[in-house]
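I opened this model to jot down what I could look up in it. Entries are in the order I made them.

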Amino acid sequence: MATAGCDRPPGSEDGRLVTTCGRSIAVRRLRLVPTERPITRIALDVGRDQGGEPGVWAALTPGEARDLARLLLLHADLAEYGTEPVAPGHAAPSGT
(Lines give C-alpha, C1' and ligand atoms only; values in the text may rest on other atoms or scores of the structure.)
Protein backbone atom coordinates (compact mmCIF):
# COMPACT_ATOMS: atom_id res chain seq x y z
CA MET A 1 0.00 0.00 0.00
CA ALA A 2 1.41 3.38 -0.99
CA THR A 3 0.77 6.58 0.93
CA ALA A 4 -0.29 9.55 -1.14
CA GLY A 5 0.29 11.89 1.79
CA CYS A 6 -1.55 14.59 3.65
CA ASP A 7 -3.27 17.50 1.97
CA ARG A 8 -4.11 20.93 3.34
CA PRO A 9 -7.77 21.85 3.25
CA PRO A 10 -8.60 24.62 0.75
CA GLY A 11 -8.89 28.06 2.29
CA SER A 12 -6.84 27.13 5.36
CA GLU A 13 -3.50 28.78 5.95
CA ASP A 14 -1.75 25.64 7.12
CA GLY A 15 -4.45 23.43 8.66
CA ARG A 16 -3.03 24.02 12.13
CA LEU A 17 -4.36 25.60 15.32
CA VAL A 18 -2.21 26.48 18.31
CA THR A 19 -4.16 26.52 21.57
CA THR A 20 -3.64 29.08 24.34
CA CYS A 21 -1.71 26.42 26.27
CA GLY A 22 0.67 26.03 23.32
CA ARG A 23 -0.46 22.67 21.96
CA SER A 24 -0.57 22.45 18.18
CA ILE A 25 -3.53 20.69 16.54
CA ALA A 26 -3.18 19.86 12.85
CA VAL A 27 -6.02 18.71 10.59
CA ARG A 28 -5.22 17.14 7.23
CA ARG A 29 -6.66 14.79 4.66
CA LEU A 30 -4.76 11.50 4.61
CA ARG A 31 -4.90 9.36 1.48
CA LEU A 32 -3.71 5.76 1.44
CA VAL A 33 -3.52 4.26 -2.02
CA PRO A 34 -3.71 0.47 -1.98
CA THR A 35 -3.88 -1.16 -5.38
CA GLU A 36 -7.52 -2.21 -5.07
CA ARG A 37 -9.13 0.95 -3.61
CA PRO A 38 -7.91 4.27 -2.20
CA ILE A 39 -8.72 5.07 1.43
CA THR A 40 -9.24 8.65 2.58
CA ARG A 41 -9.30 9.74 6.21
CA ILE A 42 -9.14 13.02 8.06
CA ALA A 43 -6.06 13.04 10.29
CA LEU A 44 -6.27 14.95 13.56
CA ASP A 45 -2.83 15.35 15.12
CA VAL A 46 -2.55 16.85 18.60
CA GLY A 47 1.14 17.60 19.01
CA ARG A 48 3.38 17.77 22.04
CA ASP A 49 2.47 20.14 24.85
CA GLN A 50 4.74 22.92 26.11
CA GLY A 51 6.40 20.51 28.53
CA GLY A 52 7.27 18.15 25.68
CA GLU A 53 4.74 15.46 26.58
CA PRO A 54 3.80 13.46 23.47
CA GLY A 55 0.54 14.19 21.72
CA VAL A 56 -1.96 11.89 20.07
CA TRP A 57 -3.53 11.49 16.65
CA ALA A 58 -6.66 9.99 15.18
CA ALA A 59 -7.67 9.05 11.64
CA LEU A 60 -11.38 9.74 11.10
CA THR A 61 -13.76 8.81 8.32
CA PRO A 62 -15.56 11.79 6.74
CA GLY A 63 -18.70 10.92 8.75
CA GLU A 64 -16.73 10.69 12.00
CA ALA A 65 -15.09 14.05 11.25
CA ARG A 66 -18.53 15.64 10.72
CA ASP A 67 -19.82 14.10 13.98
CA LEU A 68 -16.77 15.47 15.83
CA ALA A 69 -17.31 18.91 14.27
CA ARG A 70 -20.95 18.92 15.44
CA LEU A 71 -19.87 17.96 18.97
CA LEU A 72 -17.20 20.65 19.05
CA LEU A 73 -19.68 23.31 17.88
CA LEU A 74 -22.28 22.15 20.40
CA HIS A 75 -19.83 22.33 23.28
CA ALA A 76 -18.44 25.67 22.11
CA ASP A 77 -21.99 27.06 22.30
CA LEU A 78 -22.45 25.54 25.76
CA ALA A 79 -19.17 27.06 26.94
CA GLU A 80 -20.01 30.51 25.55
CA TYR A 81 -23.72 30.81 26.17
CA GLY A 82 -24.61 28.58 29.10
CA THR A 83 -26.59 25.40 29.40
CA GLU A 84 -28.56 25.57 26.15
CA PRO A 85 -26.87 25.33 22.73
CA VAL A 86 -27.57 28.13 20.28
CA ALA A 87 -29.38 26.92 17.18
CA PRO A 88 -27.62 27.65 13.88
CA GLY A 89 -28.66 31.03 12.50
CA HIS A 90 -29.88 32.35 15.88
CA ALA A 91 -28.25 35.12 17.87
CA ALA A 92 -26.69 34.34 21.19
CA PRO A 93 -28.55 35.56 24.27
CA SER A 94 -27.55 39.09 25.21
CA GLY A 95 -26.03 39.95 28.54
CA THR A 96 -24.19 36.68 29.02
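My notes follow, starting with the ground rules and then going element by element.

**Ground rules.** This is a predicted model, so I kept local features to pLDDT of at least 70 and side-chain atom pairs to pLDDT 80 or more, while totals for chains, interfaces and linings use all residues. Residues are numbered from 1 along each chain as its sequence is written, and side-chain values use heavy atoms, with hydrogens and water left out.

**Overall layout.** I looked up the secondary structure and got one helix and five strands for the protein chain. From the N terminus the order is β-β-β-β-β-α. Both kinds of element are DSSP runs numbered from the N terminus: helices are H or I with at least four residues, strands are E with at least two.

Next I checked burial: 14% of the 96 residues count as buried. The classes are buried under 20% relative accessible area, exposed over 50%, and partly exposed in between, with a 1.4 Å probe and protein chains only. The chain exposes about 7300 Å², and carbon and sulfur atoms supply 57% of that. Those areas come from the Shrake-Rupley method with a 1.4 Å probe; for residues, only the protein chains shown count as cover.

I also looked at contacts (heavy atoms within 4.5 Å). Among those with a separation of 6 or more, 24% are between residues 24 or more positions apart.

**Strand pairing.** I call two strands paired if DSSP finds at least two bridges between them. Going along the chain, β2 and β3 run antiparallel and are joined by three bridges. They make a hairpin with five residues between them, and Gly22 in that turn has a positive phi of about 90°. One of the bridges puts Val18 with Ser24 in β3.

β3 (residues 24-33) then pairs with β4 (residues 39-46), antiparallel again, over eight bridges. This link is a hairpin too, through five residues. I noted two partners here: Leu32 goes with Ile39 in β4, and Arg28 stands opposite Ala43.

On to β5 (residues 56-60): five bridges join this strand to β4, and the two run antiparallel. Leu44 sits opposite Ala58 there. A reminder to myself for reading the sheet: in a regular strand the side chains alternate between its two faces.

**Two residues of β2.** I picked Val18 and Arg16, since both are in strand β2 by the DSSP runs. Is Val18 buried or exposed? Val18 is exposed, at 55% relative accessible area. Leaving out residues up to four places away in sequence, Val18 touches Arg23 and Ser24. I also took the C-alpha distance from Val18 to Val46: 9.6 Å, with their positions 28 residues apart in sequence terms.

Arg16 is partly exposed at 40%. With that same allowance of four places, Arg16 touches Ser24, Ile25, Ala26 and Arg28. The C-alpha atoms of Arg16 and Arg28 are 8.7 Å apart, and the two residues are 12 apart in sequence.

**The pocket.** How much space lies in the largest pocket? I get about 210 Å³. The lining is Gly15, Arg16, Leu17, Ile25, Val27, Leu44, Leu68 and Leu72. β2 (16-18), β3 and α1 are the elements that give two or more residues to that lining.

For the record, a pocket here is an open set of points on a 1 Å grid over the protein atoms alone, with protein on both sides within 12 Å along at least five of seven lines; lining residues have an atom within 4 Å of a point. Points are joined across faces, edges and corners, and the volume is the space filled by probe spheres set on them.

**The helix.** I looked at Ala65, which lies in helix α1. Setting aside neighbours within four places in sequence, Ala65 is in contact with Ile42 and Leu60. Ala65 and Ile42 are 23 residues apart in sequence, yet 6.8 Å apart C-alpha to C-alpha.

**Salt bridge.** I searched the whole structure and found one salt bridge, meaning a side-chain nitrogen of Lys or Arg within 4 Å of a carboxyl oxygen of Asp or Glu. Asp67 and Arg70 form this bridge, with their closest N and O atoms 2.4 Å apart. Both belong to helix α1 (residues 62-81), and being three residues apart they are separated by about one helical turn. Asp67 is partly exposed at 41%, whereas Arg70 is exposed at 52%.

How values were computed:
1 Å grid on protein atoms, 1.4 Å probe; cavity = no way out; pocket = protein on both sides within 12 Å on 5 of 7 lines; lining within 4 Å.
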